[in-house]
Every structure is written in structure tokens, then in C-alpha cells.
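Work through the exercises below with the sequence and the 3D view at hand. Each task is followed by a solution in steps.

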Amino acid sequence: MEKVWLGIGSNLGDSEALIREAAARLSASISDLRVSGFWRSKARYVEDQPDFLNAVAAGSTSLSPRELLTAVNAIEASLGRDRSAVVAKGAR
């Protein structure tokens, strides 16, 4: 098992609910999952968008980095993120 830390953030819709749901779904791939408190931050790079709500998730996984990335991307897609339909560093 390897320790992992993941940044989680959203600035569209009910960001807090999305982050909580993403964390719940991450628990299928990450054991002993802990999630930090939330904080707001201004958007960087593409500044004409709402502030982000952010958190950090930490825990242990037996997945390879590629497998974990695949799992994270699947969670994002299941929660409505379409990477092909948005600008890089844009709202999500």
C-alpha cells in the first residue's frame, strides 16, 4: 500500500456536495481515507470564473499511479466533468 494525497476542487454547481460525493467514491480505491476541511481560492490562469472550493484527500492505495488516475477520471466523469468540453484550467 502506498500513501496518496489528492487535491479535490470544484467551482460549478454545489461544490461542497460534489467534493463530498467524490470523496465518498474515492473510498472504493483509497483506504483510511481522510478529507481536510474546505477552503476557497481564486481561480488562476483562467481568472474569469467563480472561486474554487478545495479540499485534500489522503489515504493508502494498492493501485498503481495509472490505475488511480483512471479511477479518479472515472469519478470526475460520473459527476459530470467532460474534459473535452471545457478549456484547460477552466471551470469544473
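**Exercise 1. Decide whether serine 60 is buried or exposed, and find its place and its contacts.**

Step 1. The relative accessibility of serine 60 is 13%, so this residue counts as buried; buried means under 20% relative accessible area, exposed over 50% and partly exposed in between, with a 1.4 Å probe and protein chains only.

Step 2. Serine 60 belongs to strand β4, residues 52–61. Strands are DSSP runs of E with at least two residues, helices are runs of H or I with at least four, and both are numbered from the N terminus.

Step 3. Leaving out residues up to four places away in sequence, serine 60 touches Met1, Glu2, Lys3, Ser29, Ile30 and Ser31. Contact means heavy atoms within 4.5 Å.

A note on the model: it is predicted, local features need pLDDT of at least 70, side-chain atom pairs count only at pLDDT 80 or more, and totals for chains, interfaces and linings use all residues. Residues are numbered from 1 along each chain as its sequence is written, and side-chain values use heavy atoms, with hydrogens and water left out.

**Exercise 2. State the order of the elements along the chain.**

Step 1. Two helices and four strands make up the count for the chain.

Step 2. Read from the N terminus on, the order is β-α-β-β-β-α.

**Exercise 3. Describe how α1 and α2 pack.**

Step 1. Helix α1 (residues 15–26) and helix α2 (residues 65–78) meet at an angle of about 140°, and their axes are 10 Å apart. Axes are lines fitted to C-alpha atoms, for helices over the stretch in contact, and angles run from 0 to 180 degrees between N-to-C directions.

Step 2. This makes α1 oblique to α2; under 35 degrees counts as roughly parallel, over 145 as roughly antiparallel, 65 to 115 as roughly perpendicular and the rest as oblique.

Step 3. Ala22, Arg25 and Leu26 of α1 and Val72, Ile75 and Ser78 of α2 make the contact.

**Exercise 4. Characterise glutamate 16 in helix α1.**

Step 1. With 35% relative accessibility, glutamate 16 counts as partly exposed.

Step 2. Its side chain and that of arginine 20 are joined by a polar contact of 2.8 Å. A polar contact is a pair of N or O atoms within 3.5 Å; within protein, one must be able to donate a hydrogen and the other to accept it, and residues adjacent in sequence count only if both atoms are side-chain atoms.

Step 3. Not counting residues up to four places away in sequence, glutamate 16 touches Phe38 and Leu53.
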